[in-house]
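Reader: I would like to go through this model term by term, asking in each case what justifies the word that is used. Please set each value against its criterion before you conclude.

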Amino acid sequence: MAVGPNGAVTWLLPKKKGRPDLAGGNGRDIKPSTRLVTGGRSDELTGGTVVNPPVWRASTHLYPDVASLDTRIKADDEQDFFYGRRGSPTQWSLQEALTEMEPGAHGTMLYPSGVAAISCALLSVLKPGDVLLMTDNAYDPSRSFADGFLKNMGVETRYFDPMMGADVAELFCKNTRAILLESPGSLTFEVCDIPGICAAAKEHKGKREIVTLLDNTWATPLFFTALEKGIDMTILAATKYVVGHSDVMMGSVTTTKRWWKRLRQTARQLGQVVSPDDAYLAARGLRTMGVRLKAQEKAALEIANWLKQQDEVAKVLHPALAECPGHEFWKRDFTGSAGLFSFTIKGSKAKAAKLIDTLQLFGIGYSWGGFESLALPVYPERDRTANPWTDENAVIRLNIGLEDVADLVADLQQGLEAARQTG
Ligand SMILES: *Cc1c(COP(=O)(O)O)cnc(C)c1O
């Protein structure tokens with residue numbers, strides 16, 4: 001083993017002749033599902049002889065002498081095994097793999113949760129006096145961060161209708177600094193015109209450049225390549241589909257060269273780190289994300305279409321169905337749909353609760369994106385401020401896992417039957 005000029009650890013082993021430089025993307029057009037498998041597996045990161053990167057559990061890194069310690073402090077290189085807080089090859093491998101999934105990306109930072117990723121991304125671009133625009137269907141903790149921490153810091157947040165599209169430009173003022181999007185919204189599933197909004201942001205000639213951020217947890221880069229569509233920073237609650245097994249919390253932010261330094265510096269200053277064990281598990285999840293997402297997409301669509309035909313169901317909120325607001329943008333911009341969607345049932349919240357309580361294969365719990373199906377009552381009317389949620393029917397959100405679809409449908413059928421008897 002040796003430490004290269006940039007501090008990266010290399011193993012002195014013969015390389016396999018002619019092995020393409022997949023990690024570097026040597027000009028070959030490698031498909032996204034292949035990239036999920038090859039990403040972050042350069043010989044420098046894996047040692048060249050194992051499929052997976054070793055788990056480097058380390059805070060302290062040892063130096064051969066004082067001179068090399070001094071040089072490395074000054075250099076501040078990427079992927080420099082300097083001290084545990086800056087990560088080790090285990091974390092860098094996952095960072096690289098996520099960067100390789102996102103055309104146009106320069107780098108990825110990891111965070112201990114999706115919420116930490118959102119907060120740190122926002123903090124890396126906002127300063128007192130700035131105005132943040134946030135889509136009204138954004139994840140509740142994103143709103144809490146804006147209405148609490150950012151407000152105290154002197155940043156004003158204005159919410160807007162997710163269906164506004166490029167008209168969001170009407171809300172721009174000289175202090176508008178950032179737009180946080182979530183498309184589709186993870187409770188109500190409106191899909192917004194992301195390219196339209198990004199184009200409007202780029203055209204704006206205000207006091208400060210407008211940065212566009214997207215919570216892309218639902219689609220992942222597999223179904224929506226955010227930076228290519230104009231987004232500046234794309235955020236994942238990796239806890240969901242990347243990890244995929246409901247056993248690790250993690251977040252990531254991937255960005256372009258333009259914003260990379262700020263993102264990295266903010267994460268450093270706030271001491272954001274993930275453990276090598278968690279990074280290892282997330283990387284393991286990432287390898288199978290392609291097959292999982294495709295299976296979950298197919299199952300969720302079958303179930304959504306089945307639900308549409310049930311008498312008790314008022315509406316199915318699924319981006320791939322024509323009645324979902326913004327379906328046309330999903331069709332134009334996305335290459336697939338995930339396994340998370342909502343539906344509304346005619347009648348009271350008690351009836352919805354009865355349905356959920358009766359389900360046997362669907363667990364009741366937060367989070368989603370794992371291998372197991374979940375059902376949850378959701379209350380969009382509690383969060384909205386810019387465009388109130390007026391539908392009085394109860395909303396139920398489903399995470400479709402990897403169980404057999406026929407079993408899930410049968411379970412929902414008996415749940416609906418029980419709800420029907422509740423009246
Ligand atoms: C779960 C979730 C998050 C937050 O992720 P955590 O890892 O739970 O902090 C962010 N955005 C969306 C859309 C989510 O569903």
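Reader: Which residues of helix α13 are buried, and what makes them line one face of the helix?

Author: In this predicted model, the buried residues of helix α13, which spans residues 349-358, are Lys351, Ala352, Leu355, Ile356 and Thr358. Seen down the axis of α13, these buried residues fall within an arc of 170°, and they therefore line one face of the helix.

Reader: Against what do the buried residues of α13 pack?

Author: They pack against the strands β11 (340-345), β12 (374-378) and β13 (394-399), and also against helix α14 (405-422), where contact requires heavy atoms within 4.5 Å.

Reader: In the loop between α13 and β12, where Ser367 is found, what is notable about the phi of Ser367, and why is Ser367 called partly exposed?

Author: The phi of Ser367 is near 75°, which is a positive value in a residue other than glycine. Its relative accessible area is 28%; since buried means under 20% and exposed means over 50%, with partly exposed in between, Ser367 is therefore called partly exposed.

Reader: Phe189 also has a positive phi; where does Phe189 lie, and why does Phe189 count as buried or exposed?

Author: Phe189 lies in the loop between β6 and α7, and its phi is near 65°. Its relative accessibility is 0%, and because the limit for a buried residue is under 20%, Phe189 counts as buried.

Reader: Which peptide bond is cis, and where is Pro184 found?

Author: The cis peptide bond joins Ser183 and Pro184, with omega about -5°. Pro184 is found in the loop between β6 (176-182) and α7 (194-203).

Reader: How do you know that Cys198 is in no disulfide?

Author: A disulfide is a pair of cysteine sulfur atoms within 2.5 Å, and a search of the whole structure finds 0 of them. For Cys198, the nearest cysteine sulfur is that of Cys192, at 8.6 Å, so Cys198 does not meet the criterion of 2.5 Å. Cys198 is also buried, with a relative accessible area of 2%.

Reader: How do you know that Cys324 is in no disulfide, and is Cys324 buried or exposed?

Author: The nearest cysteine sulfur to that of Cys324 again belongs to Cys192, and it is 12 Å away, so this pair also fails the criterion of 2.5 Å. At 3% relative accessibility, Cys324 counts as buried, because buried means under 20%.

Reader: How is the packing of two helices described, and what are the values for α4 and α10?

Author: Two packed helices are described by the angle between their axes and the distance between the axes. The axes of helix α4 (residues 89-100) and helix α10 (residues 276-287) come within 8 Å and cross at roughly 35°, and α4 passes α10 in a left-handed crossing.

Reader: Which residues meet in this contact, and what are they by class?

Author: From α4 the contact involves Thr90, Gln91, Ser93, Leu94, Ala97 and Leu98, which meet Pro276, Ala279, Tyr280, Ala282, Ala283, Leu286 and Arg287 in α10. By class, the contact has 9 nonpolar, 3 polar and 1 charged residues.

Reader: Why is Ser124 called buried, and what does Ser124 touch?

Author: The relative accessibility of Ser124 is 5%, and because buried means under 20%, Ser124 counts as buried. Ser124 is found in the loop between α5 (114-123) and β4 (131-135), and, not counting residues up to four places away in sequence, Ser124 touches Met233, Arg262, Leu263 and Thr266. The C-alpha atoms of Ser124 and Leu263 are separated by 5.4 Å, although the two residues are 139 residues apart along the chain.

Reader: Why is Pro32 in helix α1 called partly exposed?

Author: Its relative accessible area of 31% falls between the limits of 20% and 50%, and Pro32 is therefore partly exposed. Leaving aside residues up to four places away in sequence, Pro32 touches Met101 and Leu222.

Key: Residues numbered from 1 in each chain as written. Predicted model: local features only at pLDDT ≥ 70, side-chain atom pairs only at ≥ 80, totals over all residues. Heavy atoms only, no water. Buried < 20%, exposed > 50% of the residue type's maximum accessible area, 1.4 Å probe, protein only. Axes fitted to C-alpha atoms, helices over the stretch in contact; angles between N-to-C directions. Helix = DSSP H or I, 4+ residues; strand = E, 2+ residues; numbered from the N terminus. Left-handed = near helix turned anticlockwise from the far one by under 90°. Nonpolar A, V, L, I, M, F, W, Y, C, P; charged D, E, K, R; others polar. Arc of directions from axis to C-beta.
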